[in-house]
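Here's a quick briefing to read with the model open beside you. We'll look at some empty spaces first, and then at how some helices pack.

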Amino acid sequence: MRRAGILMPVSSLPSPYGIGTMGSAAREFVDFLERAGQSYWQILPLGPTSYGDSPYQAFSSYAGNPYLIDLDDLALEGLLLPEEYQGLSWGKDPSRVDYGLLYQNRFPVLRAAVARLLKEDRGDYQSFCQEQAGWLADYALFMALKKRHGGAAWDTWPDEERLRKPKAIAQAQKVLAKEIAFWQGVQYLFFHQWDNLKQYANRRGISIIGDLPIYVANDSADVWASPEQFQLDRDGRPVEVSGCPPDAFAPDGQRWGNHLFDWDRMKKEGYRWWIRRIAHQFTLYDTLRIDHFRGFDEYYAVPVEETTARNGRWRPGPGIALFQAVEEALGPRDIIAEDLGFLTDTVRQLLRESGYPGMKILQFAFGDRDEGGDFLPHTYPRRCVAYTGTHDNEPILGWVENASKEELSFARDYLRITREEGWVWGMLRSIWASPADLAIVQFQDLLELGNEARMNTPATTGQNWQWRVVPGAFSRKLANQLFEEARTYQRRPSPPLRA
């Protein structure tokens with residue numbers, strides 16, 4: 001069945017409190033999607049962001065981002081007073097996230113809310129802590145220790161805590177009990193609001209596509225609590241780290257620096273670490289996009305002492321055995337494979353064996369008539385997800401501004417772009433009209449914004465993950481226009497579950 005959806009990070013939603021949240025604006029966006037004949041809302045990872053603010057470098061694969069908790073909804077539940085948050089500064093520009101102000105002001109507000117929560121002694125809070133004990137206890141202790149050490153990365157902590165010596169851990173659990181309870185309370189508030197939002201969306205026929213990074217952040221509870229799952233030496237230090245090799249866009253390659261998985265150990269354990277990780281994702285999302293899919297076929301390992309990725313080498317990944325283990329444990333699941341980048345025959349074979357739909361990016365179609373051929377819409381298989389661009393690409397108008405004359409000439413001829421229609425709607429139309437079962441567009445493109453609204457420029461820091469929608473963007477006029485496009489190209493909306 002042909003479907004359509006919109007890529008909109010939760011952090012990009014409008015709100016008066018510095019960042020998009022899971023509150024009224026999120027519900028308004030769901031209503032917009034329903035009116036617009038859409039079936040999917042694709043988001044970025046929901047984890048708690050660390051230094052650099054990237055949702056792909058989170059303190060945990062399981063925890064939720066405290067910034068996304070809606071303060072007005074907490075007030076409606078009696079957990080906050082308006083004067084505790086409405087008069088604070090959340091930034092001067094409603095179209096950008098000021099992460100420095102969020103870090104400074106959000107947590108004192110959440111501490112007030114959690115203090116009231118713990119005094120109420122809610123039964124569902126205790127149930128939440130018990131149900132999520134497999135990750136929550138380690139995460140809360142990790143964050144409590146991090147606060148005690150002034151936010152320092154765990155690999156700089158004293159050896160007794162860094163290496164999780166039982167006596168030191170027991171002492172920390174006792175001394176930091178109140179701080180641990182705070183971090184557990186924050187997660188209860190997050191998942192309480194997320195569960196309500198997801199149910200709200202599902203009742204209106206909107207499915208949520210989540211995003212799972214292949215790697216976890218080095219400074220995360222994932223690595224600290226389970227170091228045996230990673231390629232670390234006896235002292236808990238990496239010998240090699242993740243990256244990707246040099247190419248036309250990055251002559252030195254990209255040294256991502258993430259700890260690498262110990263795939264041999266994971267295989268011996270039946271990939272249970274991954275099964276647990278993916279199972280948790282499907283408590284949050286209806287469909288899961290797995291980032292850097294080619295890394296499961298082969299992964300690029302860079303010596304830790306190298307400052308670039310030039311001297312890395314490819315090593316074999318787990319291949320189809322991992323995904324067979326996942327399906328055996330969890331049953332068939334809706335998974336999208338991010339199969340972008342340089343693909344070998346073995347990666348293509350892995351994609352075929354998995355049965356997962358891959359991704360097609362229209363912006364990649366026009367740079368080289370030979371290499372770009374797979375991204376031309378007339379070549380798309382039905383089982384794929386079509387995009388004009390993702391969060392790592394320029395919005396359409398930014399791409400048009402920076403593309404070469406040859407690219408633009410080819411694109412104009414191929415897409416039959418007219419002056420009346422313009423580049424944005426001409427490119428959107430092409431993926432809606434394509435054979436792809438699912439077409440996803442960035443909300444920036446629906447507003448015809450340029451690179452001022454770009455979400456992320458890979459291999460850069462400082463200006464990413466900040467773009468936000470201003471109030472009033474979810475207009476009925478735009479919804480009606482999208483509904484007509486969905487009807488024209490037979491991208492039928494999913495029926496709502498409500499009566």
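How do the residues lining the second largest pocket divide into nonpolar, polar and charged? The split is 12 nonpolar, 4 polar and 6 charged. Keep in mind as you go that this is a predicted model. Below, you'll find that pocket, the cavities, and two helix pairs that share α8.

**The second largest pocket**
- This pocket holds about 430 Å³ of space.
- Its lining takes in 22 residues, and if you want to find the centre, look for Y40, D334, I335, P357 and R383, which lie nearest to that point.
- Three elements each chip in at least two lining residues: helix α12 (320-330), strand β8 (335-337) and strand β10 (384-387).
- Of the elements that line the pocket, α12 gives the largest share, with 3 residues.

**The largest cavity**
- Now for the enclosed spaces: there are 2 cavities of 30 Å³ or more in the structure.
- The largest cavity contains about 200 Å³ of space.
- A set of 25 residues lines the largest cavity, and P45, G47, S60, S61 and P213 sit nearest its centre.
- Helix α8 (177-203), strand β3 (207-212) and helix α11 (272-284) each hand over at least two residues to this lining.
- The largest share comes from α11, which supplies 3 residues.
- Sorted by class, the lining of the largest cavity has 16 nonpolar, 6 polar and 3 charged residues.

**The second largest cavity**
- The second largest cavity comes in at about 130 Å³.
- It has 16 lining residues, and S11, P45, T49, P55 and N65 are the closest to its centre.
- You may recognise P45, which is listed among the residues nearest the centre of the largest cavity and also among those closest to the centre of the second largest one.
- By class, the lining of this second cavity breaks down into 11 nonpolar, 4 polar and 1 charged.

**Helix α1 against helix α8**
- A bit of background: to describe two packed helices, people give the angle between their axes and the distance between the axes.
- Helix α1 covers residues 24-35, and its axis and that of α8 come within 10 Å and cross at roughly 15°.
- Angles under 35 degrees count as roughly parallel, so α1 and α8 are roughly parallel to each other.
- The crossing of this pair is right-handed.
- On the α1 side, A26, R27, V30 and D31 make the contact, and they meet L197, Y200 and A201 of α8.
- That contact has 5 nonpolar and 2 charged residues, with no polar ones.

**Helix α4 against helix α8**
- Helix α4 (residues 123-131) also packs with α8, this time at an angle of about 105° and with the axes 10 Å apart.
- Angles from 65 to 115 degrees count as roughly perpendicular, so that's the label for α4 and α8.
- From α4, the contact uses D124, Y125, F128 and C129.
- From α8, the partners are A181, Q184, G185, Q187, Y188 and F191.
- Sorted by class, the contact of α4 with α8 has 6 nonpolar, 3 polar and 1 charged residues.

How values were computed
Residues numbered from 1 in each chain as written. Predicted model: local features only at pLDDT ≥ 70, side-chain atom pairs only at ≥ 80, totals over all residues. Heavy atoms only, no water. 1 Å grid on protein atoms, 1.4 Å probe; cavity = no way out; pocket = protein on both sides within 12 Å on 5 of 7 lines; lining within 4 Å. Points joined across faces, edges and corners; volume = space filled by probe spheres on them. Helix = DSSP H or I, 4+ residues; strand = E, 2+ residues; numbered from the N terminus. Nonpolar A, V, L, I, M, F, W, Y, C, P; charged D, E, K, R; others polar. Axes fitted to C-alpha atoms, helices over the stretch in contact; angles between N-to-C directions. Parallel < 35°, antiparallel > 145°, perpendicular 65-115°, else oblique. Left-handed = near helix turned anticlockwise from the far one by under 90°. Contact = heavy atoms within 4.5 Å.
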